Amino acid sequence: MLSGALTHPDISWQSITHFGQEFGIVVPAYPPVHTMDELCDGIAAILRREGIESAHVMGGSYGGFVAQVFVRRFPAVCRSLVLSHTSAPDSTGIEKARRMMGWLPVLPAVVLRRILGGMLGRLMPADASSPSAQLMLALFHEVMDHHLTKADFLAISARTLDFYGRAFSLSDLSGWPGRILLALAEDDPASPERVRSALQSLYPHAALHLFRGSGHAAAITNAEEYQGVVDEFLRAQI
């Protein structure tokens with residue numbers, strides 16, 4: 001289970017608790033490495049250390065970026081792929097983003113925290129009335145304000161640029177036998193219809209489930225539906 005941009009597993013506590021009833025789960029935190037290849041190599045090393053030869057790979061949001069690189073780098077390790085609330089690489093505007101990245105190292109951590117916090121904050125559940133949503137928001141602020149360092153902020157940004165600058169094609173996984181589930185949402189601000197269409201075009205044989213009213217956090221706001229969809233997909237692979 002690959003964490004999102006906050007890099008800490010705690011934010012996925014509901015999924016860890018639920019899927020851990022049936023599966024052994026590895027949920028790595030991300031060190032401040034600057035390329036997706038380095039990050040994926042580290043994740044593969046963890047699996048080898050744990051004696052895990054193959055695994056179902058789940059990645060949501062930023063974790064979906066990691067999962068897409070991982071399956072291309074280590075296809076034999078991946079039994080299946082669950083991609084939720086994520087997108088395909090898109091190099092539009094990447095040169096401008098790279099120029100902006102040049103300024104980030106000179107900014108203090110408090111400014112970087114404000115920038116990243118603002119970008120990710122808009123993806124948090126709009127309705128924070130439920131206990132689960134309240135806990136998610138509390139964890140978000142805990143990690144953002146007290147755990148992430150300047151090195152983390154710079155690494156998250158660098159890996160994002162690394163991902164968006166990649167050129168994926170339909171032939172990348174032509175010899176890979178695994179199945180893919182796309183779990184997306186019609187009202188996710190991070191993946192409007194054109195982004196979802198691009199992802200579906202990249203994985204035309206993937207199963208698709210479209211959440212409604214979940215925003216970017218179906219695992220929290222629509223937990224029962226999300227867990228049921230993923231359960232059904234995973235059990236079909238056993």
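Contact, throughout this tour, means heavy atoms within 4.5 Å. The structure on display is a predicted model.

**The whole chain**

Begin with the entire protein in cartoon view. It contains ten helices and four strands. Followed along the sequence, these elements come in the order α-α-β-α-β-α-α-α-α-β-α-β-α-α. Along the principal axes, the C-alpha atoms occupy a box of roughly 50 × 40 × 40 Å. The radius of gyration is 17 Å, which agrees with the value near 18 Å that a compact globule of 238 residues would have.

Colouring by accessibility gives a second overview: buried residues account for 47% of the 238 residues. A third comes from the contacts between residues at least 6 apart in sequence, of which 76% join residues at least 24 apart.

**First stop: L81 in strand β2**

Select residues 78-84, which form strand β2, and then L81 within that strand. Is L81 buried or exposed? Its relative accessibility is 0%, and L81 therefore counts as buried. Now display the surroundings of this side chain. Leaving aside residues up to four places away in sequence, L81 touches V57, A67, V71, W176, R179, I180, L181 and F233.

For a sense of distance, add E224 to the selection. L81 and E224 are separated by 143 residues in sequence, and their C-alpha atoms lie 20 Å apart in space.

**Second stop: I180 in strand β3**

From L81, move to one of the residues it touches, I180. I180 belongs to strand β3, residues 179-185. With a relative accessibility of 10%, I180 counts as buried, since the cut-off is under 20%.

Which residues does I180 touch, not counting residues up to four places away in sequence? They are L81, L83, L173, Y203, A206, A207 and F233. F233 is thus a useful residue to keep displayed, as it appears among the contacts of L81 and among those of I180.

Next, select S157 together with I180. Here the separation is 23 residues in sequence and 27 Å in space, C-alpha to C-alpha.

**Third stop: two residues with positive phi**

Most residues other than glycine have a negative phi. Two residues on this tour depart from that pattern and merit a look at the backbone.

Select H85, located in the loop between β2 and α4 (94-101). Its phi is near 50°, a positive value in a residue other than glycine. H85 is buried, with a relative accessible area of 5%.

Then select T7, which sits in the segment before α1 (13-19). The phi of T7 is near 70°, again positive in a residue other than glycine. T7 is also buried, at a relative accessible area of 3%. Beyond residues up to four places away in sequence, T7 touches P28, A29, Y30, L148, I156 and R159. Keep I156 on display for the next stop.

**Fourth stop: helix α5 against α7**

Two packed helices are described by the angle between their axes and the distance between the axes. Select helix α5 (residues 109-121) and helix α7 (residues 150-164), which pack at an angle of about 45° with their axes 9 Å apart. That angle makes α5 oblique to α7. The crossing of α5 past α7 is left-handed.

Show side chains for the contact itself: A109, L112, R113 and L116 come from α5, while K150, F153, L154 and I156 come from α7. By class, this contact has six nonpolar, no polar and two charged residues. I156, one of the α7 residues in this contact, is also touched by T7.

**Fifth stop: helix α5 against α6**

Keep α5 selected and replace α7 with helix α6 (residues 131-146). How do α5 and α6 pack, in angle and in distance between their axes? The angle is about 160°, and the axes are 10 Å apart. That makes α5 roughly antiparallel to α6. The crossing of α5 past α6 is right-handed.

In this contact, R113, L116, G117, L120 and G121 of α5 meet F140, M144 and D145 of α6. By class, the residues divide into four nonpolar, two polar and two charged.

Finish by displaying R113 and L116 of α5. Both take part in the contact with α7, and both also take part in the contact with α6.

Notes
Residues are numbered from 1 along each chain as its sequence is written. This is a predicted model: local features need pLDDT of at least 70, side-chain atom pairs count only at pLDDT 80 or more; totals for chains, interfaces and linings use all residues. Side-chain values use heavy atoms; hydrogens and water are left out. Axes are lines fitted to C-alpha atoms, for helices over the stretch in contact, and angles run from 0 to 180 degrees between N-to-C directions. Helices (H or I, at least four residues) and strands (E, at least two) are DSSP runs, numbered from the N terminus. Angles under 35 degrees count as roughly parallel, over 145 as roughly antiparallel, 65 to 115 as roughly perpendicular and the rest as oblique. A crossing is left-handed if the near helix is turned anticlockwise from the far one by less than a right angle, and right-handed if clockwise. Ala, Val, Leu, Ile, Met, Phe, Trp, Tyr, Cys and Pro count as nonpolar, Asp, Glu, Lys and Arg as charged, and the others, Gly among them, as polar. The radius of gyration is taken over C-alpha atoms; the globule rule is 2.2 Å times the number of residues to the power 0.38. Buried means under 20% relative accessible area, exposed over 50%, partly exposed in between (1.4 Å probe, protein chains only).
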